[in-house]
Amino acid sequence: MGETNRITLEIQNVYKHFPGVQALKDVSIALHEGEVHAVVGENGAGKSTLMNIIIGLIQADRGKIFKNNKEVFISNPIDAQRLGIGIVPQELNLVPLLTVMENILLGMMPCRVKGMILDWSTMSKRAAQVLEQIGEYIDPKAVVANLSTAQQQILQIARAFSFGAQILIFDEPTSSLSLKETENLFKIIKNFKESGGSVFYISHRLEEILEIADRITVLRDGCKVAELAPESTSLREMIRHMVGKEVEEVSRTIRFDPKGRGVVLKVENLTRAYEFRKISFELFEGEILGLVGLVGSGRTELVKCIFGDTVPDSGTVHTYGKETVHRTPEDAIQNRLAYVPEERRKLGLFPIMSVVENMTIPILKRLTSFIRIDKKQQTSKAQEFISKLDIRTPSLSQRVQNLSGGNQQKVILARWLLTGCRILILDEPTRGIDVNAKAEIHQILRELVAKEGISVLFISSELQEVLKIANRIIVMHEGDMKGEVLADQATQEELLQIALS
Amino acid sequence: MHMPMNENNMQRESLTVMRKILHFKESGILIALILLSLTLSVATNKFLTPYNIGIVIRQVSFVAIVALGQTLVLLTGGIDLSVGNMAGLCSILGSLMMVSTRIDPYVCTILAMLIGLMLGSISGFLIARVGLNAFIATLAMGEVFAGLVLVITKGYPITGIPPKFKFLGQGMLGLVPVPVIIMLVITAIFAYVLKYTPYGRHIYAIGGNELASRLVGIRVIRIKMSVYAISGMLSALAGIIFVSRMNAGQPTIGPSWLMPSVTAAIIGGTTLSGGEGTVLGTIIGAIFMGVLANGIVLLDISAYWERVIIGAVVVAAVIIDIVRVRRF
């Protein structure tokens, strides 16, 4: 479809070099009017660098940018705004304690008396106008901190609309949205493109790219390796271009037979006010139990409570056949539980500490003889798991913040395996991680379960992923447990039906 | 298969060691200190004399001892604004004990340090357990301490300190003043603890990411309380050594140590956001500031300029740090 339309933004032969890495090499890409142009690639492929050049956060070393066939120079984000380019970033940058209208019009609030006094009534009207244009109703006077993630994202879109953006960049917009919210977002994007707008769309979720995109550009190691049409391509082909080879995806799980296996974790009627009610389930030794539910289902709150981060109001937890109370995460860890949290950067990593320390931090006391940490043992333990999980890092003393998302996640996984955990709770472990690393993590889990009999509680918003990796799945919705299914018999639709029943 | 890998790794490790020396966090301030000392040695022949160096280093030791405790607090991402008044209050209480009881002055020293430890734990409790902001909690506690000093002393110094107590502040071990030895011993202990013990690494972890620290089983509340307790104890120690040096409990000592304790740590490479910094850097930072103050006196610059210059140096140090980080 896009072929007949005019090119609105064209990037020609762009190069960008960062110390130690050629981030972009001779990349050309054209965005047509009224199209959604997806840019895909593994982490480090150059997607973000390319987008940052377009919105003026960084400048290319070489190459040209044309807007409506006229060469333009974008040297800062304000230039980009003037050219009608807006971005909905992955990490929303809103001011939480200000109101919706202030956030939408931030930086261009209407004023009276020569820009001295804010004109609140005009501001409110304009904000409402913009929101109407998107087709969403949010009270302009509401405080942003009280909004849901999806609503906050809409504000970010509204901000771009407010200066009349013709080109919108979406960076991983759906990674924290529920299915319904995602659909809603797609509706907004479709409306935007029908009104003549153009979209650059970045996502790791390849299925949704096939659904929303009109054109797909694949980047690998800073080079453009393919331009595909969604009608004629497949997931497999996209992944092959992204990775440069065929990726061995783990096959779907075979039926799990609990006969003769012990129950390692038994949760009974666990309740915590406003979070979850009367949750009961059992986790068998060597089993992967999927836990699904839309945002707000209480699944993260549930596992945090099991892990001792919060205290339940009522109900019991049994581990290895004995009733246990985890008052703090420390108790849970001693009881050989482990928790890989959803927000990796905020809750999991120690960004400025080394890879070794990130891996060994829970077991420092165990590595200590008298009062001194045995650094040799520390290093060798870390080294062992670096090769076991194939963690790619230039050195052990590298700060973990310099690793890619997939490798960071593996560091956290290694951290818990080093503790000798028996029950592994994973909360969205593959979010924002590229296909290759994701497949590797799945493979690692399979092996842990099969060879070492570790039990896994696996939370993910990607239903397909859960269906593939889990043996059994429990479904939660708004704090209630809605049902339990065997993974090899269920479909995505069924899971949703159970959730919403 | 494994042998060549190991060799490779060793090479890589030795490369990182080289890099570490180049990017040694303390190297910047150390170079600055050397340059400053060289300049002063050339500019005046009064600087590089044993007598002058002795004075400078002894002066520095008080602030440095306070700054060591401050560094621990800063590493967890907090700040202790009560250090100066804490030193004042504990030194007054210590002197009172020495003057009005028969308790041995060195036992009084330990008692004063225990009082500091206790008062520090109160701040720590308010911050770590109750959840007060460190800035506010320690600022308020500092006011309480300052007020108590005035209530107790009515503004008069406490005299009649036993002569045998002089040794702590005025004595020498060989060529080295006793307070300097105390400073060096504490530095060595802290450097070891921070680098080689779980407690030390947990302090860095909390400063680096407090939420994650809790989720990996670190006793965040206990460790946070402990750093304020240690900071209080060291402030008390510095205060009491100063009593020994002055032969009197001065109600006015202390407040002037707060700013230098923070600046020594900051220009020594500790960040206000926590998780980064070393005690060695702090000591070099403290010495740098001591030499700077000394230089101002020796060069006959009006003493009024001292604070202007120190303020400017702090701004410069922080800018350099930002620029250095950005290069990566």
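Strand β15 (residues 288-292) of chain A is joined to strand β23 (residues 472-477) of chain A by 4 bridges, and the two strands run parallel. Helices (H or I, at least four residues) and strands (E, at least two) are DSSP runs that are numbered from the N terminus. This is a predicted model, in which local features need pLDDT of at least 70 and side-chain atom pairs count only at pLDDT 80 or more, while totals for chains, interfaces and linings use all residues. Residues are numbered from 1 along each chain as its sequence is written, and chains are lettered from A and ligands numbered from 1 in the order in which they are written.

Within the pair, V292(A) stands opposite V475(A) in β23(A). Both strands belong to an open sheet of 6 strands in chain A, with the order β18-β21-β22-β15-β23-β24 and mixed pairing, where two strands pair if DSSP finds at least two bridges between them. The edges are held by β18 (337-340) and β24 (480-486) of chain A, each of which has a single partner strand, so one side of each is left without a neighbour in the sheet. Neighbouring strands of this sheet are turned by 20 degrees against each other on average, direction ignored.

A residue is called buried if 20 or more other C-beta atoms lie within 10 Å of its own, exposed if 12 or fewer, and partly exposed in between, with C-beta atoms placed from the backbone. A nonpolar core is a set of buried Ala, Val, Leu, Ile, Met, Phe, Trp, Tyr and Cys residues joined through C-beta atoms within 7 Å. The largest nonpolar core has 170 residues, of which I425(A), V456(A), F458(A), A64(B), I65(B) and V66(B) touch the most other members. Its largest share, 15 residues, comes from helix α11 (residues 220-246) of chain B. A second, separate core of 64 residues includes L24(A), A38(A), I169(A) and I212(A).

Two residues are in contact if their C-beta atoms, placed from the backbone, lie within 7 Å. Leaving aside its neighbours within four places in sequence, V456(A) is in contact with I288(A), L289(A), L424(A), L426(A), L445(A) and V449(A). Between the chains, 25 residues of chain A are in contact with 19 residues of chain B. On the side of chain A that touches chain B, the elements giving two or more residues are α10 (329-334), α11 (344-348) and β20 (372-373) of chain A.

In chain B, helix α8 (residues 178-196) and helix α9 (residues 198-208) pack at an angle of about 75 degrees, with their axes 5 Å apart; axes are lines fitted to C-alpha atoms, for helices over the stretch in contact, and angles run from 0 to 180 degrees between N-to-C directions. The contact is made by V193(B), L194(B), K195(B) and Y196(B) of α8(B) with Y199(B), G200(B) and I203(B) of α9(B).

Helix α1 (residues 47-54) of chain A has 7 of its 8 residues buried, so it is largely enclosed by the rest of the structure. Helix α12 (residues 258-267) of chain B has 9 of its 10 residues buried, so it too is largely enclosed by the rest of the structure.

Four residues with positive phi are tabulated here.

| Residue | Phi | Place |
|---|---|---|
| G56(A) | near 80 degrees | follows α1(A) |
| G269(B) | about 105 degrees | just after α12(B) |
| D26(A) | near 50 degrees | in strand β2 (residues 21-32) of chain A |
| D300(B) | about 60 degrees | loop between α13 (279-298) and α14 (305-326) of chain B |

D26(A) is partly exposed, with 14 other C-beta atoms within 10 Å, whereas D300(B) is exposed, with 8.
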